[in-house]
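Student: I would like a close look at a single part of this structure. Please take me through one element and its surroundings.

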Amino acid sequence: MTVAIEPAVTPELAAGYGLKLDEFQRMLEIVGRTPTFTELGIISVMWSEHCSYKSSRFWLKTLPTTGPQVICGPGENAGVIDIGDGQACIFKMESHNHPSFIEPYQGAATGVGGILRDVFTMGARPIANLNALRFGAPDHPKTRHLVSGVTAGIGGYGNCVGVPTVGGETNFHRAYNGNILVNAMTVGLAPADRIFYSAAAGVGNKVVYVGSKTGRDGIHGATMASAEFSEDSEEKRPTVQVGDPFTEKLLIEACLELMATDAVVAIQDMGAAGLTSSSVEMASKGGLGIELDLDAVPVRETHMTPYEIMLSESQERMLFVLKPGREHVARAIFEKWELDFAIIGTLTDSGRLVLNKEGRTWCDLVIAPLVSNAPLYERPWIPTPPQAPVGSDEVPMPSRPCEVLLRLMSCPDLASKRWIWEQYDSQVGGDTIYLSGAADAGMVRVHGTNKALAMTTDCTPRYCLADPVEGGRQAVAEAWRNLTAVGATPLAITDNLNFGNPEKPLIMGQLVGCIQGMAEACRALDFPVVSGNVSLYNETNGEAILPTPTIGGVGLLKDASKRVGLGFVADGDLVVLIGETKGHLGQSLYLREIHGREDGPPPPVDLAVERRNGDFVRGLIEAGLVNACHDLADGGLVVGLVEMALAGARGVELVLPVGVDPIGFLFGEDQARYLVTASDIAPVMERALAAGVPAVLLGTTGGIAISMNRGNACTLAHIRAIHEGWLPALMAGEA
Amino acid sequence: MKAAVIVFPGSNCDRDVAVALEQVTGTPPAMVWHRDSALPPVDLIVLPGGFSHGDYLRSGAMAARAPIMARVRERAAAGVLVLGICNGFQILTESGLLPGVLMRNAALKFICRSVRLKVETADSAFTRAYQPCEEVSIPIAHADGNFFAAADTLKRIEDNGQVAFRYLDNPNGSANDIAGIFNETHTVLGLMPHPERASEPAHGGTDGRKMFEGILAALG
């Protein structure tokens, strides 16, 4: 029986698969003949932006990726860092933007599933999830549907697999009306000497497929092939994959059980481009060939073609290379967990990817040149023009400070996201110490120890739009600050670079600028990039998203008992502002929410000052001198104070320092600043003086209101009601 | 005291409750796979939280028919303590060891938060370490926790004093604010809140620990 009659490969057909004419020529040169249809499918996904990073690779190489804490940097499924005592932390963030816009529940759910697999593929038990979400304008007709579906999808997957979701961020802006962002991050733990990599080794070793069966879901360009089947022309499934978190849970347990034996040589999950990228990746990294018998691949539909099997993005699948003679060990484990297990191929010394099905060879490609000679573009770019500064005299307070504060605390970016995060199981595992909201970073104890990992996701896209370099610096600096503010030592980051169409020089300039700023900050803060993901072409009808280089940061507390949260812990504590306030209003939320202006330069980030102030604050926390700490970011000082008051359920009496400009002081978004509280501030002030760090006494905690200079009181109950009320009202259709 | 935790495919609070039990009793419980047909001699059987069989079909429905559940029924009938937490509660109602059903939350969403509960009775091994009418805070995390029973069943549960815990701010629409119920002999308890998530100071509260302390005190 012939399963498929493949169409002839022409430049026109290849163009439909995303290959440009020069890329088509390059393919012919490497292959040495016109490739088959299956081969075209394989090469087109290998060379897609998603898999090859052809527009971003040149610039990604400029990011610092090394340090004494780095065990494995970018290039593997996830980054690996050393957290001492023979333990490693493995983490990565990845986008699932486009699928989540088309089908929010499954798009977001499979985004979580994919990033979990990237982490447990390397031998780690996932211990925490985070997510960074950007939606369009709250009043856009699709926004509620998307928020609701994405939240339910993230929860539906993460809750079922039993990994707590402990942090993240959610923003709204009209620039995301046509392209939402769903960036999911997973953090896992593994023994440092039991990390698993994807490089295949050992000619003759068996290649094993485990997990779910392969179906026709998620096949790239499936519509193009609709006329090419010799059997009944089946309806093509939608291109969004469907997640099965229950199978993922079984897969986690089965893989970790297998990895505890000595049977595994290499492992790779089947993510984007499914069996194609996993098999090519393993062979390529090992410098070997791979021969697969596609008849042996477990399929859930009949008459699947080689093209479909190789390009399917069915979820919850893994590829292993096993040591000779150990297959029975693996088979027993996967049978116990009721998962498919099939030996589908063998490693060879040919350096070729050979695919056989029904007695025919459908693909015979030389691997190394297809990988090493993949297209690489140094696309033209132009810098973003600078913006004129904004003075406080241009933007006076239109009403009483309390009313301004209420408007800020209920604006889409600052309003409570409880409606979202209460749908996530944040406590499964029994080691969650902080959720975001209780502290500047999520915190999860390293099971069975006194250590804890702090984790955060950060980016301020409006800063990146106004000045990509400064915005790139700020995103990294804010992640570093958030880890610092809980008492953790920041160790490394993962980055998720979300941009528009890189073929437009201004957009390419945003990517180049953000990477430049990030690289500077990573170097200055000893905060290398160990993993990441790039999502380009986030545009609809020529409208690009805000440049959004989301940073996922991880830090370590060697003694979790030294941690501090952001809530006020006692009445009568003194509040101290660490860092200098110049009153920078450009790109501030005050400007946007109160004056409807989205202009000005973002606040400058002085990396030397960031480092000095952050190290100082961490020293205070380690010495046990402060009771709470919060970094200042969106909304500036008064918003930070209110967040501490709400989290601690007690008020604060603020005294403005003499001579300051109230608008800039209260609402400016100057960087490198923290609020700390202490019952005794003498040692804090002494240390600040010695370190040359600005520190100003701002007020005293207590009471039921925020008050300023003994007037202008705004009760916490009132603020809380309006702060907590915005999102539920929006989702109920009342806002 | 010897305990067993039944592990179903998709259980995900099995380790958490094992840790909490070991912290209180000093002995790690036996972890028993759902397809096992033998159950070691134990004084307490725990059905943990999670998503057994993915909660496909109905939460707890497939797990209730696992081979090991025949043994659990026999032991329960013999008076061995059985504790079902969250998904474990759902399995207990699906297997007929407890009355009622757990429907989708009234707001149709998963809810994870700490809730305030009233301890209805201290007259059980599970609740003896609490004061009657004591108010406690224990986290919930579920989508299907809306307890329902027919009117006559509900009346019987109430009349027999089978309600173990009631919500003070009903989060899911449960009938009579019921968060947990006993069987008639108070030897089987199912509850939606997770006591193992409030069993050490790092959890932010220890109100759940008293349940394990009570069991230990009852069994020695």
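Student: In which sense do β1(B) and strand β2 (residues 30–33) of chain B pair, and over how many bridges? Please stay with β1(B) and describe its setting.

Tutor: This is a predicted model. β1(B) and β2(B) pair in the parallel sense, over 4 bridges. One residue pair shows the register: Val7(B) has Trp33(B) of β2(B) as its bridge partner. Now follow the chain between these two strands. From β1(B) it passes through helix α1 (residues 14–25) of chain B and on to β2(B). This β-α-β crossover is right-handed.

β1(B) also pairs with strand β3 (residues 44–47) of chain B. Here 3 bridges join the two strands, and they run parallel. Val5(B) of β1(B) stands opposite Val46(B) in β3(B). So much for the partners.

Next, burial. Strand β1 covers residues 3–7 of chain B, and 5 of the 5 are buried, so the strand is largely enclosed by the rest of the structure. Buried here means under 20% relative accessible area. Take the faces of β1(B) in turn. On one side sit Ala3(B), Val5(B) and Val7(B), all buried. On the other sit Ala4(B) and Ile6(B), buried as well. Both faces are therefore covered, in line with a strand that is largely enclosed.

Put the pieces together by residue. Val5(B) is buried and faces Val46(B) across the pairing with β3(B). Val7(B) lies on the same side of the strand as Val5(B), and Val7(B) bridges to Trp33(B) in β2(B).

Methods. Residues numbered from 1 in each chain as written. Chains lettered and ligands numbered in written order. Predicted model: local features only at pLDDT ≥ 70, side-chain atom pairs only at ≥ 80, totals over all residues. Heavy atoms only, no water. Buried < 20%, exposed > 50% of the residue type's maximum accessible area, 1.4 Å probe, protein only. Pairing = 2+ DSSP bridges. Right-handed = clockwise from strand over helix to strand, strands pointing away.
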